[in-house]
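Got a fold to pick apart? Here's a round of questions and answers to go with the coordinates.

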Amino acid sequence: MKTAWIVNIAAAILFLILSLLTVKDMVTSAGERLEKGVADTGDAVKKNPQIASLSEVEYCNEHLKTVLRRVLENCGLIGAGSRRGCQPDDVKKITMISDDDFNTLFKPLSKRAAIVLFDKGKSDLTEEAAKLIEENWTDQKGASFFFVVARASTDGPTELNRVLSHKRANSALFHLHEKFKDPDLEQKVGLLWLGEEFAQLPEEFCAWNNSRKGQPCTVEDINRSVVISWIDCRI
Amino acid sequence: MKTKSTLFLILAALGALIGLIFSYFSTADFAKHLDRQIHTINCSLLPGIEETGLAEESGCRTAMMSEYSSLWREKYWGGLPVSLPSVGIFLFALVTALWALLFKRGGEKSAGLALAVTGLITVGASIFFFFVSMEKLQVLCKVCAGIYLGSVILFVGGLLTLIGSFKRDEGEPEGGTIWKFPLLLVQLALFTFLPVYVYTKSLPDYDKYVLGCGDLKQAEDKYNVFLPIKGDGSKDAVFIIDPLCPACKVFHARLKALPEYSDLKAKILLLPLDKECNWMLSDSLHPGACFLSKALLCAKENASQVLDFIYDNQEEFRVTATGDINKVRSRVFEKFPGLNECVDSKQTKILMNNVLHHAVKLSLPLLTPQLYIDGKRLCDEDTDLGLKYALKKIFENKREK
């Protein structure tokens with residue numbers, strides 16, 4: 001009788017100890033994996049997730065970024081500069097590149113950009129032009145800077161063309177202000193007016209998306225314009 | 001010992017063994033998750049032997065992740081699994097039944113009573129959890145079913161052993177007294193509570209992990225990109241969600257069920273994992289999420305209602321949006337006709353883009369769901385078993401500051 005109960009107690013103690021060791025092992029091995037950051041297969045588990053970021057597309061080479069950075073820094077978008085926009089002389093000095101090189105840099109934007117065309121001597125937006133600006137602005141995606149590069153054709157005096165291109169740039173900017181009332185507009189839009197003096201567009205730009213689709217387009221026509229585009233580069 | 005008593009003891013031992021096996025696997029599966037990772041779990045009637053498919057696993061996972069699978073989740077990360085005491089109880093019953101068989105103690109009243117009591121405890125618990133399973137969770141996990149089965153067999157075997165101990169045949173030796181029962185009761189208590197003590201004492205310190213998942217950056221919200229979904233509450237909570245993300249739906253429901261939810265003043269920031277509007281993705285994880293996100297933006301102060309509607313129909317929308325977004329559009333506009341004009345407007349497209357740009361400003365990880373409480377991020381690893389513990393720690397962290 002006594003033996004039976006002694007065995008009972010001994011067996012109970014033995015199995016109790018076994019169960020305690022099992023429980024301890026279960027918990028401590030999980031704790032070790034937690035400490036080491038490994039899975040029970042021994043593989044590391046922590047993967048760094050992708051972080052939300054702005055766009056950076058293929059054409060964002062260092063050359064383009066350097067030119068853009070110079071423009072943005074000097075035309076008031078980046079830093080504490082209080083000026084708003086850049087005129088032809090500034091652009092020449094700031095970018096430190098030739099007219100052709102300047103245009104070449106922007107060629108990869110052919111699918112992203114649009115060209116708003118103006119009548120001779122005019123700077124007011126047509127309905128189609130306004131629509132084109134709105135569509136382009138709405139399609140921001142991961143870009144953070146919107147370039148408005150205004151020009152004038154070589155018709156007429158240089159000084160007048162400079163003023164005209166400035167007015168054209170402002171037409172686009174004011175339309176964006178009025179239509180979208182974006183509180184950050186000033187930080188997003190890079191305004192350049194080149195008059196007739198810098199980086200005149202060659203005729204091949206007539207093939208780009210513009211506000212007068214299907215209409216005849218000459219070198220003069222394509223330079224009475226504002227090129228608008230979001231830039232998908234992290235500058 | 002009478003043949004009947006032997007049979008009853010074998011029955012009790014069998015029930016205890018079945019209960020022990022299933023309780024052990026349930027506890028082991030639970031304990032695996034203490035490393036805050038995702039693991040496969042046993043969910044078959046042959047645990048440890050039969051492979052469990054993902055579909056079969058879902059019932060057991062639902063049960064395991066539910067608040068009913070463990071106690072004191074605020075105090076211990078994951079809480080104390082209810083299957084742990086049951087391991088001790090079934091082990092005690094098995095040891096007692098085998099001992100009685102070995103020493104021919106089928107007529108021992110103390111042993112009979114101890115087996116009947118353990119059977120009663122386990123059957124009582126099984127009935128409770130069966131109803132919880134059916135009523136609250138609407139799933140029946142196979143491992144739980146194994147525990148219920150073991151409990152019933154143990155109870156029947158224990159009860160019959162107890163009855164048998166009072167019915168001695170003529171000439172049969174004295175079946176012992178009831179006075180050894182307290183000794184067995186002490187054993188039962190030790191088998192039940194000592195593992196619980198060891199479990200809680202062996203748990204690692206989780207504080208450094210639950211508070212170490214970063215903070216929400218500060219950035220001015222010029223475009224009203226956050227959508228309020230719950231106005232009252234003392235703690236600012238920001239949910240980063242994709243309306244078509246199943247984990248977001250489950251997490252939201254889990255959080256809503258907790259009393260801590262009432263303390264949150266909640267708003268959402270949309271992060272649709274759909275390349276239609278999200279330039280950060282090369283492939284859409286949830287096609288249609290951009291449209292639904294825009295619908296939520298249009299709903300403004302009614303976003304909570306629209307979100308509930310989307311979550312209620314998420315499964316259908318996920319399938320449908322992959323094939324035909326127009327069907328989803330019709331369903332949403334049918335329910336909320338006021339959203340029709342707003343969703344496709346330029347302003348909404350811009351706002352959606354600004355929402356994503358805000359995610360960039362905040363340097364958010366590109367995953368959903370995320371929850372920030374008073375700027376402190378709830379770790380992804382703490383969104384299920386460790387949720388209550390992590391919430392308590394984050395709340396305390398705020399108070400200490």
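Q: What radius of gyration does chain A have, next to that of a compact globule of 235 residues?
A: Bear in mind that we're dealing with a predicted model here. A compact globule of 235 residues would come out near 18 Å. The C-alpha atoms of chain A fill a box of roughly 125 × 35 × 35 Å along the principal axes. For the chain itself, the radius of gyration is 32 Å.

Q: What pattern of helices and strands does chain A follow along the sequence?
A: Chain A has eight helices and four strands to place. Reading along the sequence, you get α-α-α-α-β-α-β-α-α-β-α-β.

Q: In chain A, what share of the contacts between residues at least 6 apart in sequence join residues at least 24 apart?
A: Some background on chain A: 50% of its 235 residues count as buried. Among its contacts between residues at least 6 apart in sequence, the share joining residues at least 24 apart is 79%.

Q: Which helix gives the largest share of the largest nonpolar core?
A: That core has 138 residues, and B:Phe239, B:Leu255, B:Val332 and B:Leu339 touch the most other members. The largest share is 12 residues, and they come from helix 3 (residues 83-102) of chain B.

Q: How many residues does the other core, the one with A:Leu109, have?
A: This core lies apart from the largest one, and its members include A:Leu109, A:Val149, A:Cys217 and A:Ile222. Its count is 35 residues.

Q: Which residues does B:Leu339 contact, leaving aside its neighbours within four places in sequence?
A: B:Leu339 is one of the residues that touch the most other members of the largest core. Past its sequence neighbours, its contacts are B:Ala295, B:Cys298, B:Ala299, B:Val306, B:Val332 and B:Phe333.

Q: Which are the edge strands of the open five-stranded sheet in chain B?
A: The strand order is 3-5-4-6-7, with mixed pairing. Neighbouring strands are turned by 30° against each other on average, direction ignored. An edge strand pairs on one side only, and that picks out strand 3 (227-230) and strand 7 (376-378) of chain B.

Q: Which residue in strand 5 of chain B stands opposite B:Pro228?
A: Strand 3 and strand 5 (residues 264-270) of chain B pair in the antiparallel sense over three bridges. Helix 10 (residues 303-312) of chain B lies across strands 3, 4 and 5, running at about 75° to strand 3. Opposite B:Pro228 in strand 5 stands B:Lys267.

Q: Why is strand 4 of chain B largely enclosed by the rest of the structure?
A: Burial is what to check here, with the cut-off at under 20% relative accessible area. Strand 4 is largely enclosed because, of its seven residues, the number buried is six.

Q: What is the handedness of the β-α-β crossover from strand 4 to strand 5 of chain B?
A: The two strands run parallel and are joined by seven bridges, with B:Phe239 partnering B:Ile268 in strand 5. Between the strands the chain passes through helix 8 (residues 246-256) of chain B, and the crossover is right-handed.

Q: In strand 6 of chain B, which residue is the bridge partner of B:Ile240?
A: Strand 4 and strand 6 (residues 370-373) of chain B pair in the antiparallel sense over four bridges. The partner of B:Ile240 in strand 6 is B:Gln370.

Q: Is B:Phe395 buried or exposed?
A: B:Phe395 sits in helix 15 (residues 387-400) of chain B. Beyond its sequence neighbours, its contacts are B:Lys235, B:Glu260, B:Asp263, B:Leu264 and B:Ile373. Its relative accessibility is 7%, so B:Phe395 counts as buried.

Q: What is the omega of the cis peptide bond between B:Thr368 and B:Pro369?
A: B:Pro369 is placed in the loop between helix 14 (346-361) and strand 6 of chain B. A cis peptide bond joins B:Thr368 to B:Pro369, and its omega is about -5°.

Q: What phi does B:Gln138 have?
A: B:Gln138 is in the loop between helix 4 (109-137) and helix 5 (142-166) of chain B. At 63% relative accessibility, this residue counts as exposed. B:Gln138 is not a glycine, yet its phi is positive, at about 55°.

How values were computed. Residues numbered from 1 in each chain as written. Chains lettered and ligands numbered in written order. Predicted model: local features only at pLDDT ≥ 70, side-chain atom pairs only at ≥ 80, totals over all residues. Heavy atoms only, no water. Core = buried A, V, L, I, M, F, W, Y, C linked by side-chain atoms within 4.5 Å. Buried < 20%, exposed > 50% of the residue type's maximum accessible area, 1.4 Å probe, protein only. Contact = heavy atoms within 4.5 Å. Pairing = 2+ DSSP bridges. Axes fitted to C-alpha atoms, helices over the stretch in contact; angles between N-to-C directions. Right-handed = clockwise from strand over helix to strand, strands pointing away. Rg over C-alpha atoms; globule rule 2.2 N^0.38 Å.
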